[in-house]
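The following paragraphs lead the reader through a single protein chain, from its general outline to individual residues. Please keep the sequence and the structure in view while reading.

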Amino acid sequence: MLGGFSLGRIFGINLKIDWSWLLIFLLITWNLSVVFGQVHPDWGLGLSWGTALGASLLFFVSVLAHELAHSLVAQAQGVPVRNITLFLFGGVSNIQRDPPSPRAEFLITIVGPLTSLALGILFLIAGGLMSTGVLAAGFTSPLELAAQFSPLATLLLWLGWINILLAVFNLIPGFPLDGGRVLRSILWAATGSLRRATHWASWVGQVVAWIFITIGIAMIFGVEVPFFGTGLIAGLWLAFIGWFLNTASVQSYQQVVVRDMLEDVPVEALMRTNPPTVPPNVSINELVDNYMMRTDDHAFPVVHEGQLLGMITLDDIRRVPREAWDTTLVREAMTPAEELTLAKVKDDAAQALNQLMQRDVRQVPVLSADHHLAGLLRRRDVIKWLQLRSDAI
């Protein structure tokens, strides 16, 4: 995985961690170690850092549970989920297409905040049960009370409140946050149009995003904002969240518009027919000289007697040492057909574009009804088709 590493699979869903997650994990751990050390000056450095590390790990397990709840309900509603990724802003479930109905979207969405809320309540109950003696003693200030909690009780109580805050934050109606998706499901049910509902939910999301950005900038310049506080770091973080939310909101609407435009458009209407192909038994040197250098193509289907054997791309060629180009054949360096993402001429173009984006490839071979190569659907051909109809966006 280029952007991080894999944690394995659960319920058939790949679990991944983006490298950006390490940054926020370290920041949360460091911040908690400072806070725990200030509240519990008798703990010592090791205990403060150990409790902070445990709290951070369990927090991200909670985030994973939040996203897993989304994913399992999505699968139950017939919507495939490719993976769950933990990254800088928490977690995201890679749900591969929009839900089939407003009810399905509502159920898929609401279960996440409900899971965080339930976890928060359970953690608070567990922490409270471990602290009954401290709570009964009575203290003059919350800080004095907190200082008496054990490391485990401190960890559990912090996890309780942070999960409840996570649930509340996600219910803010800023699309594509959970609250924005709940709003979209309601608008979708009311209007009967996913595109119109997404447009309105996206607009609300952008308003919320700019509120975050404005508050963040105010905090940077020393304004004390209730609940958010003040300061450079907190202000920059809130403004950054607002910027991310605004970008995601705009992109989410554009994706729905693109899928709407491509719906019921067959792949054969967009594909490149009769693309240049190469036989399997030519050398890499011949491929470069006679194919790569004579066209602007970076990928060629490898075909023998009409049958697609694989694809040879610029990346495949780069993996072959330069001194081996004369002796290495295309069939030895190509990606075999069984490892490729394939489309058929009558497939929905929206589905094919989704495959292009999900696999992060520039083209997919298109097969005819008799499984012969019929053409090549390239990402740039889809973009050109959309640009020619850009007045519809």
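A suitable place to begin is a turn in the chain. Strand 10 and strand 11 form a hairpin with 5 residues between the strands, and within this hairpin His371 adopts a positive phi near 70°. The model in which this is seen is a predicted one.

The two strands of this hairpin, strand 10 (residues 363-367) and strand 11, are antiparallel and are paired over 5 bridges. In general, strands of a sheet pair through backbone hydrogen bonds, in either a parallel or an antiparallel arrangement. One pair of bridge partners here consists of Val366 and Gly375 of strand 11. Strand 11 also pairs in the antiparallel sense with strand 5 (residues 272-273), over 2 bridges. In that pairing, Gly375 of strand 11 is the bridge partner of Thr273. Gly375 is thus a bridge partner of Val366 and also of Thr273. Strand 11 itself, which spans residues 373-378, is mostly covered, with 5 of its 6 residues buried.

From this strand the reader may turn to the interior of the chain. The largest nonpolar core comprises 22 residues, and Leu262, Leu270, Val366, Leu377, Val382 and Leu386 are those with the most contacts inside it. At least two residues of this core come from each of helix 9 (232-262), helix 13 (349-359), strand 10 and helix 14 (379-388). Leu377 illustrates how these parts meet. Beyond its neighbours within four places in sequence, Leu377 is in contact with residues that include Leu270, Val366 and Val382. Its further contacts include Val267, Met271, Ala352 and Leu356, as well as Arg362, Gln363 and Val364. Apart from this core lies another, of 21 residues, among them Leu32, Phe59, Phe60 and Leu155.

With these regions in mind, the chain may be considered in its entirety. The protein chain contains 14 helices and 11 strands. Its C-alpha atoms fill a box of roughly 85 × 55 × 45 Å along the principal axes. Of its 393 residues, 44% count as buried. When contacts between residues at least 6 apart in sequence are considered, 63% of them join residues at least 24 apart. The accessible surface of the chain amounts to about 20400 Å², and carbon and sulfur atoms account for 63% of this area. The chain carries 25 positive and 30 negative charges, whose mean positions lie 4 Å apart.

Other strand pairings can now be located. Strand 3 (residues 81-87) and strand 4 (residues 90-95) are antiparallel and pair over 5 bridges. A hairpin of 2 residues joins strand 3 to strand 4, and Ile84 has Ser93 of strand 4 as its bridge partner. Elsewhere, 3 strands form an open antiparallel sheet in the order 6-7-8. Strand 6 (299-304) and strand 8 (335-336) are at its edges; each has a single partner strand, so one side of each is left without a neighbour in the sheet. Strand 6 is joined to strand 7 (residues 307-313) by 6 bridges, and the two run antiparallel. Val302 has Gly310 of strand 7 as its bridge partner.

Three individual residues complete the account. Which residues does Thr198 touch, not counting residues up to four places away in sequence? They are Phe175, Arg184, Ser252, Tyr253 and Val256. Thr198 belongs to helix 8 (residues 194-220). With a relative accessible area of 0%, Thr198 is buried.

Gly160 is located in helix 6 (residues 151-170). Gly160 counts as buried because its relative accessibility is 0%, whereas the cut-off for a buried residue is under 20%. Residues up to four places away in sequence aside, Gly160 touches Gly120, Phe123 and Leu124. Gly160 and Gly235 are separated by 75 residues in sequence and by 25 Å in space, C-alpha to C-alpha.

Is Val223 buried or partly exposed? Its relative accessible area of 41% makes Val223 partly exposed. Val223 is placed in the loop between helix 8 and helix 9. Its contacts, leaving aside neighbours within four places in sequence, are Ala218, Gly229 and Thr230. Val223 and Leu353 lie 130 residues apart in sequence and 46 Å apart in space, C-alpha to C-alpha.

How values were computed. Residues numbered from 1 in each chain as written. Predicted model: local features only at pLDDT ≥ 70, side-chain atom pairs only at ≥ 80, totals over all residues. Heavy atoms only, no water. Helix = DSSP H or I, 4+ residues; strand = E, 2+ residues; numbered from the N terminus. Buried < 20%, exposed > 50% of the residue type's maximum accessible area, 1.4 Å probe, protein only. Contact = heavy atoms within 4.5 Å. Areas by Shrake-Rupley, 256 points an atom, 1.4 Å probe, with all protein chains shown as cover. Lys, Arg positive; Asp, Glu negative; His and termini not counted. Charge placed at Lys NZ, Arg CZ, Asp CG, Glu CD. Pairing = 2+ DSSP bridges. Core = buried A, V, L, I, M, F, W, Y, C linked by side-chain atoms within 4.5 Å.
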